Amino acid sequence: MWKDSKNIIIIPDEFTISGSTYNVSLVENSEKDLGGALGDFTNLFHEIRLAKTCRVDEEEIDMPEDEFIKTYLHELGHCFGYWYKGDNSEEFANAFANFMFEYLTSKKCYDLLHSSKE
């Protein structure tokens, strides 16, 4: 679901919400590039930035895949919240990210168009 045929995580380079195109970019390190945050959202610049690495116990590590995806969803939650009542709260972004992550990773799919109904 989150990877392409080459086993690479798929997060969009850009997307459009409410007529505005947002860019998604990767930065090398959370400490150096985002002041310790794993990601950020800036509506004024229409941008989400995500860190590829972070510091844990004085060691620089690659972001764990599940946390990388949750961070993207968290920042996307800020984007949606901005357009919904200007809600920039961490509570909304956290709830959105965790609900969407669980939904996307736990859903079971079947072909609605070709399934027989009894």
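**Strands, helices and ring pairs in a predicted model**

Strand E1 has Phe15 and Ile17 on its covered face, while Glu14 and Thr16 form the uncovered one. The model discussed here is predicted.

Visitor: Which elements does the protein chain contain, and in what order do they run?
Guide: The secondary structure of the protein chain amounts to three helices and five strands. Read from the N terminus on, the order is β-β-α-β-β-β-α-α.

Visitor: Which residue of E2 stands opposite Ile17?
Guide: E1 and E2 run antiparallel and are joined by four bridges. Ile17 belongs to the covered face of E1. Its place opposite in E2 is taken by Ser20.

Visitor: Which residue takes a positive phi in the hairpin of E1 and E2?
Guide: The hairpin has two residues between the strands. A positive phi near 50 degrees is found there at Ser18.

Visitor: Is Ser30 buried or exposed?
Guide: Ser30 lies in helix H1, which spans residues 30-34. Leaving aside residues up to four places away in sequence, Ser30 touches Gly35, Gly36, Ala37, Leu38, Ala51, Thr53, Cys54 and Arg55. Buried means under 20% relative accessible area. With a relative accessibility of 1%, Ser30 is therefore buried.

Visitor: What span does H2 reach from its first C-alpha to its last?
Guide: H2 has 19 residues, and 27 Å is expected for it at 1.5 Å a residue. The span in the model is close to that figure, at 28 Å.

Visitor: What covers the buried residues of H2?
Guide: The buried residues of H2 include Phe68, Ile69, Tyr72, Leu73, Leu76 and Cys79. Among the elements that cover the buried residues of H2 are helix H3 and strands E1, E2, E3 and E4.

Visitor: Why is the pair of Phe80 and Phe96 edge-to-face?
Guide: The structure holds five aromatic pairs. In the pair of Phe80 and Phe96, the ring centres are 5.2 Å apart and the planes stand at 85 degrees. Planes over 60 degrees apart count as edge-to-face, so at 85 degrees this pair is edge-to-face.

Visitor: How many residues apart in sequence are the parts that Phe80 and Phe96 tie together?
Guide: Phe80 is in helix H2 (residues 65-83), whereas Phe96 is in helix H3 (residues 90-106). Phe80 is partly exposed at a relative accessible area of 29%, and Phe96 counts as buried at 15%. Because the two rings lie in these two helices, the pair ties together parts whose separation in sequence is 16 residues.

Visitor: What is the angle between the planes of Tyr82 and Trp83?
Guide: Tyr82 counts as partly exposed at 33% relative accessibility, and Trp83 is partly exposed at 39%. Their rings form an edge-to-face pair, 5.2 Å centre to centre. The angle between the planes is 90 degrees.

Visitor: Which residues do ring pairs link into a cluster?
Guide: One member, Phe15, is on the covered face of E1. The cluster linked by ring pairs consists of Phe15, Tyr22 and Phe41.

Visitor: Over the face of which residue does Lys70 lie?
Guide: Lys70 is 4.9 Å from the ring centre of its partner. The ring whose face lies beneath Lys70 is that of Phe101.

Visitor: What share of the exposed area do carbon and sulfur atoms supply?
Guide: Of the 118 residues in the protein chain, 32% are buried. The protein chain exposes about 8100 Å². Carbon and sulfur atoms supply 52%.

Note on methods. Residues are numbered from 1 along each chain as its sequence is written. This is a predicted model: local features need pLDDT of at least 70, side-chain atom pairs count only at pLDDT 80 or more; totals for chains, interfaces and linings use all residues. Side-chain values use heavy atoms; hydrogens and water are left out. Rings of Phe, Tyr and Trp (its six-membered ring) pair if their centres lie within 6.5 Å; planes under 30 degrees apart count as stacked, over 60 as edge-to-face and the rest as tilted. Buried means under 20% relative accessible area, exposed over 50%, partly exposed in between (1.4 Å probe, protein chains only). A charge sits over a ring if NZ of Lys or CZ of Arg is within 6 Å of the ring centre and within 35 degrees of the ring normal. The expected span of a helix is 1.5 Å times one less than its number of residues. Contact means heavy atoms within 4.5 Å. Two strands pair if DSSP finds at least two bridges between them. Accessible areas come from the Shrake-Rupley method with a 1.4 Å probe; for residues, only the protein chains shown count as cover.
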